[in-house]
Amino acid sequence: MNASNLGTLADPASHHQPIDLNGSEPKDLLRYLRQMIVIRKSEQKLAAMRRDGFIGGPVHLGVGQEAVAVGVSSTLRKTDRVFGAHRSHSHLLALGSSVKGLFAEVLGKDTGHSRGMGGSMHLWDQPNGFYGSVPIVAGTVPLAVGAGLAAKLQATGDVAVAYLGDGAVEEGVVHESLNLSSILGLPVLFVVENNLFASHMHISLRQPIDSTARFAAANNIPHAVVDGNDVVNVATTASRLVSDSRTGKGPGFLEVVTYRWYGHVDWREDIDVGVNRSTADIENWRAKDPIARLVRGMELMGYINDEQVQNMESTVAAEIETAWEAAAVDPYPSPERLLDRVYANR
Ligand SMILES: Cc1ncc(C[n+]2csc(CCOP(=O)(O)OP(=O)(O)O)c2C)c(N)n1
Ligand SMILES: [Mg+2]
């Protein structure tokens with residue numbers, strides 16, 4: 001038996017309207033908009049380059065989910081510790097990490113964020129607060145709990161953030177992590193990007209209830225479920241949960257309901273491989289585009305006009321092209337460095 005606790009949030013035909021910007025500062029909104037456009041265009045570039053054979057390894061794209069990382073990151077500081085997984089380009093870039101470093105990593109170049117040794121799923125940029133992503137689903141969730149424990153012991157007021165998917169909550173370690181962080185009162189924000197799919201399976205085929213916030217309730221963790229395509233809503237809710245964590249109130253759990261436009265991996269839509277999503281669903285979710293909904297809201301408030309949006313789009317597009325061209329001609333790591341980070345004290 002399936003039950004829906006997400007209601008209209010999971011309905012492709014709802015939440016198409018411009019987002020409500022009352023109470024938001026125009027300068028914050030402009031920053032969110034630019035960051036979302038940078039992430040969108042970076043991932044679209046990766047999609048095209050992968051399709052055309054310029055990228056050797058797989059890329060898991062989060063196009064359509066940009067509001068999540070941008071909203072959450074708006075409340076973070078450089079000393080916080082953020083962890084991601086296989087679909088983490090946005091988590092990295094929203095912290096202010098360089099697009100060129102991401103492109104170089106995906107191309108296996110020495111100038112990449114992991115010195116070209118990791119590729120798209122092993123990203124790292126500690127100076128900007130990104131402590132790493134790995135392809136093992138839920139693999140970094142307990143690491144975030146450890147970072148939360150360190151922050152608590154050192155009384156830094158910092159938080160740890162674990163980004164995970166609706167599929168990742170099916171891993172046992174997530175439940176141990178929720179339990180431990182709650183009982184120890186650790187400053188950890190669990191951000192579940194519920195895009196309704198894990199690989200090719202819809203959540204209704206995998207879980208009896210579509211909302212994952214029940215696991216926070218079971219562990220007595222403050223939680224919220226929000227429209228993940230509304231950047232302001234994500235930012236405001238994350239800010240509340242994070243400030244409670246910073247002031248000793250223990251972990252928080254933010255479930256953001258969103259959708260990825262592409263299939264599980266690379267640029268295809270996956271509707272041809274037996275996935276139960278239709279072209280109409282994809283079109284409806286595209287109409288919930290977090291960027292367009294912010295732009296329309298800003299236009300209604302008179303904060304931006306069409307021409308300014310187009311200028312922003314073309315400036316960012318040019319920056320992305322420059323970043324790609326620079327990464328493409330960077331050197332590969334030298335073969336003698338291959339084992340540098342495999343053995344300690346080598
Ligand atoms: C431990 C483990 N099991 C299975 C996989 C294969 N796998 C990669 S991504 C994925 C689905 C993850 O779904 P979700 O957590 O919802 O993230 P999304 O892909 O939707 O962003 C699976 C099963 C894996 N990488 N690691
Ligand atoms: Mg998912």
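Which residue has a backbone N or O atom that lies 2.9 Å from a nitrogen atom of ligand 1? The residue is Pro135. Taken alone, ligand 1 exposes 580 Å², and the protein buries 71% of that (areas come from the Shrake-Rupley method with a 1.4 Å probe).

This is a predicted model, in which local features need pLDDT of at least 70 and side-chain atom pairs count only at pLDDT 80 or more. Residues are numbered from 1 along each chain as its sequence is written, and ligands are numbered from 1 in the order in which they are written.

There are 15 residues around ligand 1 (each with a heavy atom within 4 Å of it). His86, Arg87, Pro135, Gly167 and Asn195 come nearest. An oxygen atom of ligand 1 lies 3.0 Å from a backbone N or O atom of Ala168, and an oxygen atom of ligand 1 lies 2.9 Å from a polar side-chain atom of Asn195.

Asn195 also takes part in the metal site. Asp166 (OD), Asn195 (OD1) and Phe197 (O) are the protein donors of the magnesium ion, ligand 2, and lie 2.1 Å from it. Donors here are N, O and S atoms within 2.8 Å of the metal (3.2 Å for Na, K and Ca); water is not among the atoms, so sites may look incomplete.

Along the chain, the donors follow the spacing D-x28-N-x1-F. Asp166 and Phe197 link distant parts of the chain, 31 residues apart: Asp166 is in the loop between β3 (160–165) and α6 (172–184), and Phe197 is in strand β5 (residues 197–198). Helices (H or I, at least four residues) and strands (E, at least two) are DSSP runs, numbered from the N terminus. Both Asp166 and Phe197 are buried (under 20% relative accessible area, with a 1.4 Å probe and protein chains only).

Methods: Side-chain values use heavy atoms; hydrogens and water are left out. Buried means under 20% relative accessible area, exposed over 50%, partly exposed in between (1.4 Å probe, protein chains only). A polar contact is a pair of N or O atoms within 3.5 Å; within protein, one must be able to donate a hydrogen and the other to accept it, and residues adjacent in sequence count only if both atoms are side-chain atoms.
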